[in-house]
Amino acid sequence: MTSSPSELKSRLAAYATEAGFVRMGICRPDAIPHAALSLATFVAEGRHGQMGWMADRMEWRGNPAALWPEARSVVMLAEAYSPLHDPLEVLEQRDMGAISVYAQGRDYHDLVKKRLKTVGRWLIDAVPGAEIKVFVDTAPVMEKPLAQAAGLGWQGKHTNLLGRDLGNWVFLGAIFTTVELEPDAPEFSHCGTCTACLDICPTAAFPAPYQLDARRCISYLTIEHKGPVPEDLRARMGNRIYGCDDCLAICPWNKFAVAAREMRYLGSGEAPSLADLAQLDDAGFRARFSGSPIKRIGRDRFLRNVLYAIGNSGDPTLCSAAAQHLDDPDPAVSDAARWVLARLTGESAHA
Ligand code: B12
Ligand code: SF4
Ligand code: SF4
(Lines give C-alpha, C1' and ligand atoms only; values in the text may rest on other atoms or scores of the structure.)
(Ligands and ions follow the chains in the order given, each with its own letter.)
Protein backbone atom coordinates (compact mmCIF):
# COMPACT_ATOMS: atom_id res chain seq x y z
CA MET A 1 0.00 0.00 0.00
CA THR A 2 1.43 3.46 -0.86
CA SER A 3 1.05 6.34 1.56
CA SER A 4 2.52 9.82 2.10
CA PRO A 5 5.68 10.11 4.23
CA SER A 6 3.74 11.42 7.22
CA GLU A 7 1.05 8.73 6.85
CA LEU A 8 3.75 6.07 6.69
CA LYS A 9 5.36 7.45 9.82
CA SER A 10 2.14 7.52 11.83
CA ARG A 11 1.22 4.00 10.73
CA LEU A 12 4.71 2.84 11.73
CA ALA A 13 4.33 4.54 15.12
CA ALA A 14 0.93 2.91 15.62
CA TYR A 15 2.39 -0.48 14.79
CA ALA A 16 5.35 0.08 17.14
CA THR A 17 2.90 0.81 19.96
CA GLU A 18 0.98 -2.35 19.12
CA ALA A 19 4.26 -4.28 19.24
CA GLY A 20 4.90 -3.07 22.81
CA PHE A 21 7.05 0.08 22.49
CA VAL A 22 6.03 3.21 24.36
CA ARG A 23 7.75 5.84 22.18
CA MET A 24 9.14 6.10 18.66
CA GLY A 25 11.25 8.84 17.11
CA ILE A 26 13.24 9.21 13.91
CA CYS A 27 16.55 10.82 13.03
CA ARG A 28 19.03 10.79 10.20
CA PRO A 29 22.11 8.54 10.56
CA ASP A 30 24.35 11.65 10.60
CA ALA A 31 22.34 13.34 13.38
CA ILE A 32 24.92 12.93 16.18
CA PRO A 33 28.15 14.54 14.92
CA HIS A 34 29.14 15.46 18.54
CA ALA A 35 29.03 11.83 19.73
CA ALA A 36 32.31 10.75 18.08
CA LEU A 37 34.27 13.33 20.05
CA SER A 38 32.54 12.47 23.36
CA LEU A 39 33.24 8.80 22.76
CA ALA A 40 36.88 9.48 21.85
CA THR A 41 37.34 11.52 25.03
CA PHE A 42 35.63 8.84 27.14
CA VAL A 43 37.96 6.16 25.76
CA ALA A 44 41.10 8.35 25.78
CA GLU A 45 40.55 9.03 29.49
CA GLY A 46 40.17 5.29 30.12
CA ARG A 47 36.63 5.71 31.47
CA HIS A 48 35.55 2.51 29.75
CA GLY A 49 37.80 0.48 32.11
CA GLN A 50 38.00 -3.15 30.97
CA MET A 51 35.25 -2.73 28.33
CA GLY A 52 37.86 -2.96 25.57
CA TRP A 53 35.10 -3.49 22.99
CA MET A 54 34.19 0.20 23.37
CA ALA A 55 37.53 1.13 21.85
CA ASP A 56 36.94 -1.21 18.89
CA ARG A 57 35.07 -0.03 15.79
CA MET A 58 34.91 3.52 17.16
CA GLU A 59 34.51 4.86 13.63
CA TRP A 60 31.14 3.04 13.49
CA ARG A 61 30.08 3.66 17.07
CA GLY A 62 30.73 7.38 16.79
CA ASN A 63 29.22 7.71 13.31
CA PRO A 64 26.09 5.68 12.47
CA ALA A 65 26.27 6.88 8.86
CA ALA A 66 29.55 4.98 8.46
CA LEU A 67 28.18 1.81 10.08
CA TRP A 68 25.74 1.30 7.21
CA PRO A 69 26.17 3.90 4.45
CA GLU A 70 22.93 2.86 2.68
CA ALA A 71 20.81 3.71 5.74
CA ARG A 72 18.66 6.83 5.31
CA SER A 73 16.80 6.84 8.64
CA VAL A 74 17.19 5.60 12.18
CA VAL A 75 14.00 4.65 13.98
CA MET A 76 14.59 4.85 17.75
CA LEU A 77 12.22 2.99 20.04
CA ALA A 78 11.76 2.94 23.81
CA GLU A 79 10.30 0.13 25.83
CA ALA A 80 9.28 0.73 29.47
CA TYR A 81 10.40 -1.43 32.41
CA SER A 82 9.26 0.81 35.26
CA PRO A 83 9.47 -0.90 38.67
CA LEU A 84 6.41 -1.46 40.85
CA HIS A 85 8.35 -0.67 44.06
CA ASP A 86 10.99 1.88 45.02
CA PRO A 87 14.32 0.19 44.13
CA LEU A 88 16.10 2.11 46.90
CA GLU A 89 14.20 0.29 49.69
CA VAL A 90 16.11 -3.00 49.34
CA LEU A 91 19.37 -1.18 50.04
CA GLU A 92 18.34 -1.10 53.72
CA GLN A 93 17.92 -4.90 53.88
CA ARG A 94 21.58 -5.66 54.21
CA ASP A 95 21.27 -9.45 54.42
CA MET A 96 19.51 -9.45 51.02
CA GLY A 97 21.01 -8.87 47.57
CA ALA A 98 19.93 -5.81 45.57
CA ILE A 99 19.50 -6.69 41.89
CA SER A 100 18.90 -3.76 39.57
CA VAL A 101 15.41 -3.39 38.19
CA TYR A 102 16.38 -4.15 34.62
CA ALA A 103 17.75 -7.57 35.58
CA GLN A 104 15.01 -8.89 37.86
CA GLY A 105 13.14 -10.73 35.14
CA ARG A 106 13.74 -11.85 31.56
CA ASP A 107 16.67 -10.56 29.55
CA TYR A 108 15.58 -7.44 27.65
CA HIS A 109 18.02 -8.09 24.83
CA ASP A 110 15.91 -11.02 23.62
CA LEU A 111 12.53 -9.36 24.06
CA VAL A 112 13.40 -5.94 22.63
CA LYS A 113 15.17 -7.48 19.64
CA LYS A 114 12.15 -9.62 18.86
CA ARG A 115 9.89 -6.56 18.91
CA LEU A 116 12.34 -4.55 16.78
CA LYS A 117 12.27 -7.31 14.18
CA THR A 118 8.47 -7.34 14.21
CA VAL A 119 8.36 -3.58 13.58
CA GLY A 120 11.11 -3.87 10.96
CA ARG A 121 9.16 -6.56 9.12
CA TRP A 122 6.13 -4.30 9.06
CA LEU A 123 8.23 -1.59 7.39
CA ILE A 124 9.58 -4.04 4.81
CA ASP A 125 6.02 -5.09 3.98
CA ALA A 126 4.84 -1.47 3.78
CA VAL A 127 7.72 -0.24 1.57
CA PRO A 128 8.72 -2.67 -1.16
CA GLY A 129 12.51 -2.98 -1.42
CA ALA A 130 13.10 -1.57 2.08
CA GLU A 131 16.04 -2.94 4.02
CA ILE A 132 16.51 -2.84 7.77
CA LYS A 133 19.03 -3.72 10.47
CA VAL A 134 18.02 -3.86 14.13
CA PHE A 135 20.24 -3.11 17.12
CA VAL A 136 19.86 -3.34 20.86
CA ASP A 137 22.69 -2.65 23.26
CA THR A 138 25.47 -4.85 21.96
CA ALA A 139 26.21 -3.37 18.51
CA PRO A 140 28.60 -0.43 17.95
CA VAL A 141 25.72 2.06 18.01
CA MET A 142 25.33 4.93 20.50
CA GLU A 143 21.69 4.51 21.35
CA LYS A 144 21.25 7.35 23.84
CA PRO A 145 22.46 10.25 21.64
CA LEU A 146 20.48 8.78 18.73
CA ALA A 147 17.35 8.63 20.89
CA GLN A 148 17.88 12.25 21.91
CA ALA A 149 18.36 13.26 18.26
CA ALA A 150 15.12 11.42 17.45
CA GLY A 151 13.29 13.45 20.11
CA LEU A 152 12.50 10.59 22.54
CA GLY A 153 14.04 12.49 25.43
CA TRP A 154 17.42 13.81 26.57
CA GLN A 155 20.55 12.38 28.19
CA GLY A 156 20.25 13.53 31.77
CA LYS A 157 23.09 14.43 34.09
CA HIS A 158 23.19 10.70 34.97
CA THR A 159 23.86 10.16 31.22
CA ASN A 160 20.76 7.97 30.68
CA LEU A 161 17.93 8.93 28.41
CA LEU A 162 14.82 10.31 30.07
CA GLY A 163 11.73 12.09 28.87
CA ARG A 164 9.23 14.51 30.37
CA ASP A 165 6.43 12.08 29.61
CA LEU A 166 8.55 8.96 30.00
CA GLY A 167 10.84 9.07 33.03
CA ASN A 168 14.07 7.06 32.70
CA TRP A 169 12.95 3.43 33.11
CA VAL A 170 13.18 2.61 29.41
CA PHE A 171 15.28 0.34 27.25
CA LEU A 172 16.32 1.63 23.86
CA GLY A 173 16.45 -0.12 20.51
CA ALA A 174 17.24 1.04 16.98
CA ILE A 175 16.06 0.14 13.48
CA PHE A 176 18.34 1.43 10.74
CA THR A 177 16.58 1.49 7.39
CA THR A 178 17.11 2.47 3.77
CA VAL A 179 13.66 4.13 3.84
CA GLU A 180 13.53 7.95 4.01
CA LEU A 181 11.30 8.71 6.98
CA GLU A 182 10.43 12.16 8.32
CA PRO A 183 12.88 13.03 11.14
CA ASP A 184 11.64 14.36 14.48
CA ALA A 185 13.03 17.40 16.25
CA PRO A 186 15.80 16.61 18.74
CA GLU A 187 15.04 17.06 22.46
CA PHE A 188 17.18 19.21 24.79
CA SER A 189 17.99 18.86 28.49
CA HIS A 190 15.32 19.64 31.07
CA CYS A 191 17.55 18.79 34.05
CA GLY A 192 17.82 22.46 34.99
CA THR A 193 19.48 22.99 38.38
CA CYS A 194 18.66 19.50 39.67
CA THR A 195 21.66 17.45 40.83
CA ALA A 196 19.82 14.59 42.61
CA CYS A 197 21.42 11.80 40.55
CA LEU A 198 24.93 13.22 40.95
CA ASP A 199 24.50 13.61 44.72
CA ILE A 200 23.12 10.13 45.42
CA CYS A 201 25.81 8.15 43.56
CA PRO A 202 27.54 6.00 46.22
CA THR A 203 30.88 5.91 44.40
CA ALA A 204 31.07 9.47 43.01
CA ALA A 205 31.13 8.08 39.48
CA PHE A 206 30.26 11.36 37.74
CA PRO A 207 33.37 13.48 37.11
CA ALA A 208 30.99 16.19 35.83
CA PRO A 209 27.28 16.49 35.02
CA TYR A 210 26.40 14.47 31.87
CA GLN A 211 29.63 12.44 32.13
CA LEU A 212 30.26 9.05 33.71
CA ASP A 213 33.51 7.36 34.66
CA ALA A 214 32.40 3.76 34.25
CA ARG A 215 35.36 2.53 36.32
CA ARG A 216 33.67 3.85 39.44
CA CYS A 217 30.09 2.87 38.52
CA ILE A 218 28.66 -0.07 40.49
CA SER A 219 26.84 -1.23 37.39
CA TYR A 220 30.21 -1.61 35.64
CA LEU A 221 31.93 -3.05 38.73
CA THR A 222 29.31 -5.76 39.30
CA ILE A 223 28.64 -6.67 35.64
CA GLU A 224 31.67 -5.86 33.49
CA HIS A 225 34.71 -5.71 35.75
CA LYS A 226 36.75 -8.91 35.94
CA GLY A 227 38.91 -9.75 38.95
CA PRO A 228 38.95 -8.08 42.35
CA VAL A 229 37.26 -4.68 42.74
CA PRO A 230 39.45 -2.01 44.39
CA GLU A 231 38.80 -2.13 48.15
CA ASP A 232 37.64 1.47 48.58
CA LEU A 233 34.92 0.84 45.95
CA ARG A 234 33.81 -2.60 47.29
CA ALA A 235 33.01 -1.02 50.59
CA ARG A 236 30.71 1.45 48.80
CA MET A 237 28.84 -1.22 46.86
CA GLY A 238 26.62 -2.02 49.85
CA ASN A 239 24.36 -4.97 49.01
CA ARG A 240 24.20 -4.21 45.25
CA ILE A 241 25.09 -7.54 43.62
CA TYR A 242 24.09 -6.88 40.00
CA GLY A 243 23.82 -3.40 38.52
CA CYS A 244 22.77 -0.24 40.32
CA ASP A 245 19.72 1.99 40.07
CA ASP A 246 20.36 4.80 42.54
CA CYS A 247 20.84 7.61 40.01
CA LEU A 248 17.80 6.44 38.04
CA ALA A 249 15.54 5.90 41.05
CA ILE A 250 16.07 9.40 42.44
CA CYS A 251 15.20 11.26 39.22
CA PRO A 252 12.13 13.45 39.77
CA TRP A 253 10.94 12.99 36.18
CA ASN A 254 9.97 9.42 37.08
CA LYS A 255 6.69 10.73 38.41
CA PHE A 256 5.80 10.71 34.71
CA ALA A 257 7.19 7.20 34.13
CA VAL A 258 5.17 4.98 31.83
CA ALA A 259 4.09 1.61 33.24
CA ALA A 260 5.88 -1.47 31.89
CA ARG A 261 3.74 -3.36 29.41
CA GLU A 262 5.97 -6.43 29.41
CA MET A 263 5.44 -8.15 32.76
CA ARG A 264 8.29 -10.59 32.16
CA TYR A 265 10.79 -7.82 33.05
CA LEU A 266 9.43 -7.47 36.55
CA GLY A 267 10.46 -10.76 38.16
CA SER A 268 9.09 -11.80 41.55
CA GLY A 269 9.91 -8.49 43.25
CA GLU A 270 11.51 -10.45 46.14
CA ALA A 271 15.15 -9.75 46.99
CA PRO A 272 17.21 -12.96 47.38
CA SER A 273 18.99 -13.79 50.63
CA LEU A 274 22.78 -13.40 50.49
CA ALA A 275 23.27 -16.57 52.57
CA ASP A 276 21.30 -18.59 49.97
CA LEU A 277 23.10 -17.04 47.01
CA ALA A 278 26.49 -17.85 48.55
CA GLN A 279 25.60 -21.57 48.30
CA LEU A 280 25.14 -21.56 44.52
CA ASP A 281 27.54 -23.76 42.59
CA ASP A 282 27.91 -23.40 38.84
CA ALA A 283 24.95 -25.64 37.98
CA GLY A 284 22.76 -24.00 40.62
CA PHE A 285 23.69 -20.53 39.34
CA ARG A 286 22.85 -21.44 35.76
CA ALA A 287 19.54 -23.00 36.69
CA ARG A 288 18.49 -20.08 38.86
CA PHE A 289 19.38 -17.37 36.32
CA SER A 290 18.35 -19.10 33.12
CA GLY A 291 16.76 -16.48 30.80
CA SER A 292 18.05 -13.63 32.99
CA PRO A 293 20.78 -11.15 31.97
CA ILE A 294 22.57 -12.13 35.20
CA LYS A 295 23.52 -15.50 33.70
CA ARG A 296 26.05 -13.93 31.37
CA ILE A 297 28.42 -12.78 34.15
CA GLY A 298 28.86 -16.39 35.30
CA ARG A 299 28.89 -17.91 38.76
CA ASP A 300 32.36 -16.68 39.79
CA ARG A 301 31.78 -12.97 39.24
CA PHE A 302 28.30 -13.22 40.72
CA LEU A 303 29.64 -14.97 43.82
CA ARG A 304 32.39 -12.32 44.12
CA ASN A 305 29.61 -9.68 44.21
CA VAL A 306 27.57 -11.66 46.75
CA LEU A 307 30.63 -11.93 49.00
CA TYR A 308 31.28 -8.18 48.82
CA ALA A 309 27.66 -7.63 49.85
CA ILE A 310 28.12 -10.05 52.78
CA GLY A 311 31.24 -8.10 53.74
CA ASN A 312 29.17 -4.92 53.75
CA SER A 313 26.28 -6.48 55.71
CA GLY A 314 27.78 -5.89 59.14
CA ASP A 315 26.34 -9.32 60.10
CA PRO A 316 28.97 -11.72 61.56
CA THR A 317 26.51 -14.64 61.38
CA LEU A 318 27.15 -14.60 57.60
CA CYS A 319 30.87 -15.41 58.10
CA SER A 320 30.36 -19.15 57.58
CA ALA A 321 28.70 -18.50 54.19
CA ALA A 322 31.91 -16.73 53.16
CA ALA A 323 34.42 -19.05 54.86
CA GLN A 324 33.46 -21.98 52.63
CA HIS A 325 34.89 -20.02 49.65
CA LEU A 326 38.35 -19.31 51.10
CA ASP A 327 39.88 -21.96 48.84
CA ASP A 328 37.78 -21.23 45.76
CA PRO A 329 39.82 -21.77 42.58
CA ASP A 330 38.75 -18.32 41.30
CA PRO A 331 41.21 -15.83 42.84
CA ALA A 332 38.66 -12.99 42.94
CA VAL A 333 36.24 -15.22 44.88
CA SER A 334 38.82 -16.42 47.43
CA ASP A 335 40.09 -12.86 47.80
CA ALA A 336 36.51 -11.69 48.44
CA ALA A 337 36.01 -14.43 51.05
CA ARG A 338 39.16 -13.32 52.89
CA TRP A 339 38.01 -9.71 52.73
CA VAL A 340 34.64 -10.65 54.24
CA LEU A 341 36.20 -12.47 57.19
CA ALA A 342 38.63 -9.65 57.85
CA ARG A 343 35.81 -7.12 57.67
CA LEU A 344 33.21 -8.99 59.73
CA THR A 345 35.54 -10.39 62.39
CA GLY A 346 38.01 -7.54 62.42
CA GLU A 347 40.88 -10.00 61.88
CA SER A 348 42.76 -10.87 58.73
CA ALA A 349 41.99 -14.34 57.40
CA HIS A 350 44.46 -16.51 55.50
CA ALA A 351 43.46 -19.00 52.89
C1 B12 B 1 28.69 0.90 27.88
C2 B12 B 1 27.32 0.92 28.51
C3 B12 B 1 27.24 0.95 29.90
C4 B12 B 1 28.48 1.23 30.76
C5 B12 B 1 28.81 2.74 30.66
C6 B12 B 1 27.55 3.63 30.82
C7 B12 B 1 27.63 4.99 30.18
N8 B12 B 1 26.90 5.93 30.76
O9 B12 B 1 28.29 5.17 29.17
C10 B12 B 1 27.98 0.74 32.16
C11 B12 B 1 28.36 -0.71 32.35
C12 B12 B 1 28.49 1.57 33.35
C13 B12 B 1 26.46 0.85 31.98
C14 B12 B 1 25.59 1.00 33.04
C15 B12 B 1 24.23 1.13 32.90
N16 B12 B 1 23.51 0.93 31.76
CO17 B12 B 1 24.34 0.76 30.02
N18 B12 B 1 24.98 0.76 28.23
C19 B12 B 1 26.16 0.88 27.72
C20 B12 B 1 26.08 0.91 26.18
C21 B12 B 1 26.43 -0.49 25.66
C22 B12 B 1 26.95 1.95 25.49
C23 B12 B 1 26.88 3.36 26.13
C24 B12 B 1 27.95 4.26 25.58
O25 B12 B 1 28.10 4.40 24.36
N26 B12 B 1 28.75 4.90 26.47
C27 B12 B 1 29.86 5.74 26.07
C28 B12 B 1 29.67 7.19 26.47
C29 B12 B 1 30.72 8.10 25.80
O30 B12 B 1 28.43 7.51 26.01
P31 B12 B 1 27.36 8.44 26.71
O32 B12 B 1 27.14 8.26 28.15
O33 B12 B 1 26.21 8.32 25.82
O34 B12 B 1 28.15 9.84 26.52
C35 B12 B 1 27.42 10.96 26.31
C36 B12 B 1 27.51 11.92 27.48
O37 B12 B 1 28.39 11.41 28.47
C38 B12 B 1 27.93 13.18 26.83
N39 B12 B 1 29.23 13.67 27.16
C40 B12 B 1 30.41 13.05 27.19
N41 B12 B 1 31.37 13.93 27.47
C42 B12 B 1 30.77 15.13 27.61
C43 B12 B 1 31.27 16.36 27.92
C44 B12 B 1 30.37 17.42 28.04
C45 B12 B 1 30.93 18.74 28.38
C46 B12 B 1 28.98 17.23 27.86
C47 B12 B 1 28.01 18.34 28.02
C48 B12 B 1 28.49 15.96 27.55
C49 B12 B 1 29.40 14.95 27.44
O50 B12 B 1 27.96 13.01 25.42
C51 B12 B 1 28.07 11.65 25.11
C52 B12 B 1 27.38 11.37 23.81
O53 B12 B 1 26.06 11.85 23.81
C54 B12 B 1 24.55 1.24 25.96
C55 B12 B 1 23.90 0.59 24.74
C56 B12 B 1 24.32 1.27 23.46
N57 B12 B 1 24.75 0.50 22.50
O58 B12 B 1 24.25 2.49 23.37
C59 B12 B 1 23.89 0.72 27.27
C60 B12 B 1 22.75 1.55 27.85
C61 B12 B 1 23.19 2.98 27.87
N62 B12 B 1 22.68 1.08 29.24
C63 B12 B 1 21.49 1.07 29.72
C64 B12 B 1 21.17 0.79 31.08
C65 B12 B 1 19.73 0.49 31.40
C66 B12 B 1 22.18 0.85 32.06
C67 B12 B 1 21.99 0.86 33.58
C68 B12 B 1 20.81 1.68 34.06
C69 B12 B 1 21.88 -0.62 34.08
C70 B12 B 1 21.83 -0.78 35.59
N71 B12 B 1 20.70 -0.54 36.24
O72 B12 B 1 22.82 -1.13 36.20
C73 B12 B 1 23.34 1.48 34.05
C74 B12 B 1 23.26 3.02 34.17
C75 B12 B 1 24.55 3.64 34.66
C76 B12 B 1 24.67 5.11 34.25
N77 B12 B 1 24.52 6.04 35.16
O78 B12 B 1 24.90 5.37 33.05
C79 B12 B 1 20.46 1.49 28.69
C80 B12 B 1 20.03 2.93 29.02
C81 B12 B 1 18.61 3.24 28.60
C82 B12 B 1 18.34 4.70 28.83
N83 B12 B 1 17.13 5.01 29.25
O84 B12 B 1 19.19 5.53 28.63
C85 B12 B 1 21.28 1.35 27.34
C86 B12 B 1 20.94 2.37 26.26
C87 B12 B 1 21.01 -0.08 26.83
C88 B12 B 1 19.66 -0.20 26.15
N89 B12 B 1 19.64 -0.65 24.91
O90 B12 B 1 18.62 0.09 26.68
N91 B12 B 1 26.12 0.84 30.67
S1 SF4 C 1 24.40 3.37 38.47
FE2 SF4 C 1 24.90 3.66 40.67
S3 SF4 C 1 27.15 3.73 40.78
FE4 SF4 C 1 26.57 3.98 38.60
S5 SF4 C 1 26.48 6.18 38.31
FE6 SF4 C 1 24.39 5.57 38.87
S7 SF4 C 1 24.30 5.78 41.12
FE8 SF4 C 1 26.46 5.83 40.53
S1 SF4 D 1 17.98 13.42 38.68
FE2 SF4 D 1 17.84 15.57 38.06
S3 SF4 D 1 19.85 16.01 37.09
FE4 SF4 D 1 19.63 13.78 37.20
S5 SF4 D 1 18.78 13.19 35.22
FE6 SF4 D 1 17.03 13.47 36.63
S7 SF4 D 1 16.42 15.64 36.33
FE8 SF4 D 1 18.46 15.40 35.43
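1. A word on terms to begin: helices and strands here are DSSP runs, numbered from the N terminus, with at least four residues (H or I) for a helix and at least two (E) for a strand. With that in hand, Arg-164 can be placed in the loop between strand 6 (161-162) and strand 7. Please keep in mind that this is a predicted model.

2. Let us stay with Arg-164 for a moment. Is this residue buried or exposed? The cut-off for exposed is 12 or fewer other C-beta atoms within 10 Å, and Arg-164 has 11 such neighbours, so it counts as exposed. Leaving aside residues up to four places away in sequence, Arg-164 touches His-190, Trp-253 and Phe-256. Tyr-265 lies 101 residues from Arg-164 along the chain, and 23 Å separate their C-alpha atoms.

3. Now for the overall layout. The protein is divided into domain 1 (5-84 + 105-177) and domain 2 (272-351). Taken over C-alpha atoms, the centres of domain 1 and domain 2 are 36 Å apart.

4. The nonpolar core deserves a look. In soluble globular proteins, nonpolar side chains tend to be buried together. Here the largest nonpolar core has 102 residues, and Val-74, Met-76, Leu-146, Val-306, Leu-307 and Ile-310 have the most contacts inside it. Domain 1 and domain 2 each contribute at least three residues to this core.

5. Leu-307 is a handy residue to click on. Residues up to four places away in sequence aside, Leu-307 touches Ala-278, Ala-322, His-325, Val-333, Ala-336, Ala-337 and Val-340.

6. Several of those partners lead on to helix 15, where Val-333, Ala-336, Ala-337 and Val-340 are among the buried residues. Others buried in helix 15 include Asp-335, Arg-338 and Trp-339. What do the buried residues of helix 15 pack against? They pack against helix 13 (298-311) and helix 14 (319-323).

7. The geometry of two helices can be checked. Helix 1 (residues 5-19) has 15 residues, which at 1.5 Å a residue should span 21 Å; its end C-alpha atoms are 21 Å apart, so the two agree. Helix 15 (residues 331-345) also has 15 residues, and its reach of 21 Å from first C-alpha to last is close to the 21 Å expected. A glycine follows each: Gly-20, just after helix 1, takes a positive phi of about 120 degrees, while Gly-346, just after helix 15, takes a positive phi of about 75 degrees.

8. On to the ligands, beginning with ligand 1. There are 38 residues around ligand 1, of which Ser-38, Glu-143, Leu-161, Ser-219 and Gly-243 come nearest. Helix 2 (35-44), helix 6 (143-149), strand 7 (170-177), helix 8 and helix 10 each supply at least two residues of this shell, and helix 2 gives the most, with five. By class, the shell has 22 nonpolar, eleven polar and five charged residues.

9. The shell around ligand 2 includes Cys-201, Cys-217, Cys-244 and Cys-247, along with His-158, Ser-219 and Asp-246 among others. The elements giving two or more residues to this shell are helix 8 (218-223) and helix 10 (246-249). Its residues divide into eight nonpolar, three polar and one charged.

10. Which residues come nearest to ligand 3? Of the 13 residues around it, these are Gly-156, Cys-191, Cys-194, Cys-197 and Cys-251. The shell around ligand 3 divides into nine nonpolar, three polar and one charged.

Conventions: Residues are numbered from 1 along each chain as its sequence is written. Chains are lettered from A and ligands numbered from 1 in the order in which they are written. This is a predicted model: local features need pLDDT of at least 70, side-chain atom pairs count only at pLDDT 80 or more; totals for chains, interfaces and linings use all residues. A residue is near a molecule or strand if its C-beta atom, placed from the backbone, lies within 6 Å of it. Ala, Val, Leu, Ile, Met, Phe, Trp, Tyr, Cys and Pro count as nonpolar, Asp, Glu, Lys and Arg as charged, and the others, Gly among them, as polar. A nonpolar core is a set of buried Ala, Val, Leu, Ile, Met, Phe, Trp, Tyr and Cys residues joined through C-beta atoms within 7 Å. A residue is buried if 20 or more other C-beta atoms lie within 10 Å of its own, exposed if 12 or fewer, and partly exposed in between; C-beta atoms are placed from the backbone. Domain bounds come from an automatic or database domain assignment. Two residues are in contact if their C-beta atoms, placed from the backbone, lie within 7 Å. The expected span of a helix is 1.5 Å times one less than its number of residues.
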